[in-house]
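This report covers strand pairing, loop residues and side-chain contacts in one protein model. The sequence and structure come first, and the description follows.

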Amino acid sequence: MIMASRFIVVLIFISLFHCLSCTSTKKIAYFENAQDSAFRAVLGTIEAPIQKNDILNITISSLSPTADVEYNRSDNDVKGYLVNGDGNIQLPKLGNVAAAGLTKKQLTESITNIILEKKELLNPIVEIRQLNFEVTVLGEVTTPTVINVPSEQISLIKALGLAGDLTIYGKRDNILLIREEDGKRITRHLDINSADFLGSPYYYLKPNDVVYVEPNKAKIATTDRTQQIIPVVLSGISILVLVLDRVIK
């Protein structure tokens with residue numbers, strides 16, 4: 001009798017687990033109806049403007065290595081130049097240089113022109129890299145994470161891949177992109193099921209972008225149903241165990 005009661009309880013738990021874990025395994029395809037074609041990388045060649053609080057690594061060199069030293073930071077422990085609240089960076093010998101709102105190419109040209117005006121370096125070469133290029137991926141992905149992008153270019157698809165891809169509950173047709181531009185916070189809802197996304201201006205992410213994958217109706221319904229069923233089932237199991245215990249006694 002004891003073995004029978006235990007068997008019934010185990011059977012109930014197995015049934016409960018099966019009910020709660022049943023989800024659709026329908027394959028979800030990205031870029032539905034995409035044909036063989038060539039898409040122009042809209043943001044692949046367009047640099048994002050430099051923003052306040054960005055950290056830039058700037059190296060200045062020329063045909064006169066001894067003269068270059070004065071234009072470069074000597075404290076190796078400090079990496080990069082912070083774009084301050086006024087949108088400027090403080091460079092050795094050059095002082096304050098406006099940076100916010102410019103692309104890296106524009107800032108490179110600006111610094112080069114300032115150096116040429118001083119007539120101290122011959123054919124100066126200015127190299128700039130952004131050190132704090134990060135994007136954040138949250139919501140219905142396998143591993144929500146903050147991604148550092150040393151290459152300074154990343155697509156939304158790659159970011160989702162680095163976060164472990166969407167779960168089966170993620171809404172692929174309504175992914176929220178949060179971006180800050182010109183002191184404003186903008187939002188865009190993107191459909192990566194659509195082939196049109198391959199040519200979207202939001203295909204590539206910008207520094208500090210936040211990607212949020214919303215849960216679909218199946219996830220919400222499953223969560224609500226689980227919250228309703230579990231208390232009822234647990235109560236039923238408790239009553240059944242008490243009844244079986246009394247019968248055994």
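Strand β3 (residues 88–91) and strand β4 (residues 95–98) run antiparallel and are joined by 4 bridges. Strands (E, at least two residues) and helices (H or I, at least four) are DSSP runs, numbered from the N terminus, and two strands pair if DSSP finds at least two bridges between them. Leu-91 stands opposite Gly-95 in β4. The two strands β3 and β4 form a hairpin with 3 residues between them, and Lys-93 in the turn has a positive phi of about 70°.

The model is predicted: local features need pLDDT of at least 70, side-chain atom pairs count only at pLDDT 80 or more, and totals for chains, interfaces and linings use all residues. Residues are numbered from 1 along each chain as its sequence is written, and side-chain values use heavy atoms, with hydrogens and water left out.

**The five-strand sheet**

An open sheet of 5 strands has the order β7-β6-β10-β8-β9, with mixed pairing. Strands β7 (145–148) and β9 stand at the edges with a single partner strand each, so one side of each has no neighbour in the sheet. From one strand to the next the twist averages 20°, with axes taken as lines fitted to C-alpha atoms and angles running from 0 to 180 degrees between N-to-C directions. Within this sheet, β8 and β10 run antiparallel and are joined by 3 bridges. Leu-177 has Val-211 in β10 as its bridge partner.

**Loop residues**

Accessibility is given in three classes: buried means under 20% relative accessible area, exposed over 50%, and partly exposed in between (1.4 Å probe, protein chains only). The table lists five loop residues.

| Residue | Loop | Relative accessible area |
|---|---|---|
| Asn-123 | between α3 (104–118) and β5 (125–130) | 52%, exposed |
| Asn-132 | between β5 and β6 (134–139) | 17%, buried |
| Ala-163 | between α4 and β8 | 0%, buried |
| Asp-165 | between α4 (156–162) and β8 (175–181) | 31%, partly exposed |
| Asp-209 | between β9 (184–190) and β10 (210–213) | 0%, buried |

Asn-123 has a positive phi, near 50°, and is not a glycine. Asp-165, also not a glycine, has a positive phi of about 75°.

**Contacts of the buried loop residues**

Which side chain does the side chain of Asp-209 meet in a polar contact? The partner is the side chain of Arg-179, at 2.6 Å. A polar contact is a pair of N or O atoms within 3.5 Å; within protein, one must be able to donate a hydrogen and the other to accept it, and residues adjacent in sequence count only if both atoms are side-chain atoms. Leaving aside residues up to four places away in sequence, Asp-209 touches Glu-134, Val-135, Thr-136, Leu-177, Ile-178 and Arg-179. Touching, or contact, means heavy atoms within 4.5 Å.

Two polar contacts involve Asn-132. Its side chain reaches the backbone oxygen of Asn-53 at 3.3 Å, and a polar contact of 3.4 Å joins the side chains of Asn-132 and Gln-130. Not counting residues up to four places away in sequence, Asn-132 touches Asn-53, Asp-54, Ile-55 and Asn-208.

Ala-163 lies 6.8 Å from Val-137, C-alpha to C-alpha, although the two are 26 residues apart in sequence. With residues up to four places away in sequence not counted, Ala-163 touches Val-137, Val-141, Thr-142, Thr-143 and Thr-145.
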